[in-house]
Amino acid sequence: GAIDSNFGRVDTLAYAIYHAELMLTENNYPAAVAEYERLVETGGPPVRFLKARTYEIMNAYGMMLYQAGAIGDACRAWQRVLVLNPNQWLAVYCLSTAYFNTGRYQETIDLIEGLLKGLADPELRANLNSNMGDAYTRLGDYQHAHLAYRYSYFVDNILNWRALMSLVGSG
């Protein structure tokens with residue numbers, strides 16, 4: 001991409017990726033995402049890579065916004081990822097955390113339940129079930145909270161101290 005830029009060839013795939021990544025180094029996430037989305041629309045063999053990179057950038061942008069306190073904008077970034085790819089687990093995880101931290105407990109539960117249906121990773125399943133248990137607890141639904149924590153511990157009973165402490169208490 002840099003070589004193409006030096007020779008004025010700005011109509012190549014390599015240059016477009018270089019240009020998008022250059023925008024990222026300048027923290028211009030929206031412009032980088034727009035460039036990658038334009039590339040995805042053109043099709044071609046690297047579409048899978050281009051989509052994955054687009055989701056990665058959008059998730060990172062959401063995290064940056066969230067850390068800066070722009071929770072609403074972060075939520076919109078993650079929601080946009082989920083419109084493009086409903087199975088993007090990182091966006092679900094981040095968005096469900098943002099929902100929980102803003103008191104949107106039922107939305108947290110709904111979002112997590114949607115992802116759990118197709119998720120195989122036991123550690124992530126366990127963490128998400130614990131998050132769901134926390135949301136049920138905040139809603140005052142202790143029966144469902146207990147079930148979520150039990151299932152979380154069932155899925156990962158080796159490293160999952162969080163679910164165990166939620167089930168038996170901390171002492």
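**Exercises on helix packing and the nonpolar core**

In this predicted model, Trp89, Val92, Leu95, Ser96, Tyr99 and Phe100 of α6 meet Tyr105, Glu107, Thr108, Leu111, Ile112 and Leu115 of α7.

**Exercise 1.** Describe how α6 and α7 are oriented relative to each other.

*Solution.* Two packed helices are described by the angle between their axes and the distance between the axes. For α6 and α7, the axes come within 8 Å and cross at roughly 165°. Angles over 145 degrees count as roughly antiparallel, and therefore α6 is roughly antiparallel to α7. The crossing in which α6 passes α7 is left-handed.

**Exercise 2.** Identify the residues with the most contacts inside the largest nonpolar core, and the helix that gives the most to this core.

*Solution.* The largest nonpolar core has 42 residues, and Trp78, Leu95, Leu128 and Met132 have the most contacts inside it. At least two residues of this core come from each of α2, α3, α4, α5, α6, α7, α8 and α9. The helix that gives the most is α6, with seven residues. Turning to Trp78, and leaving aside neighbours within four places in sequence, its contacts are Met58, Asn59, Gly62, Met63, Tyr66, Ala91, Cys94, Leu95 and Ala98.

**Exercise 3.** Compare the end-to-end span of α2 with the span expected for a helix, then list its buried residues.

*Solution.* Helix α2 covers residues 13–25, which is 13 residues. At 1.5 Å a residue the helix should span 18 Å, and its end C-alpha atoms are 19 Å apart, so the two values agree. Within α2, Tyr15, Ala16, Ala20, Met23 and Leu24 are buried. After α2 comes Asn27, which has a positive phi near 60°.

Terms used
Residues are numbered from 1 along each chain as its sequence is written. This is a predicted model: local features need pLDDT of at least 70, side-chain atom pairs count only at pLDDT 80 or more; totals for chains, interfaces and linings use all residues. Side-chain values use heavy atoms; hydrogens and water are left out. Helices (H or I, at least four residues) and strands (E, at least two) are DSSP runs, numbered from the N terminus. The expected span of a helix is 1.5 Å times one less than its number of residues. Buried means under 20% relative accessible area, exposed over 50%, partly exposed in between (1.4 Å probe, protein chains only). A nonpolar core is a set of buried Ala, Val, Leu, Ile, Met, Phe, Trp, Tyr and Cys residues joined through side-chain atoms within 4.5 Å. Contact means heavy atoms within 4.5 Å. Axes are lines fitted to C-alpha atoms, for helices over the stretch in contact, and angles run from 0 to 180 degrees between N-to-C directions. Angles under 35 degrees count as roughly parallel, over 145 as roughly antiparallel, 65 to 115 as roughly perpendicular and the rest as oblique. A crossing is left-handed if the near helix is turned anticlockwise from the far one by less than a right angle, and right-handed if clockwise.
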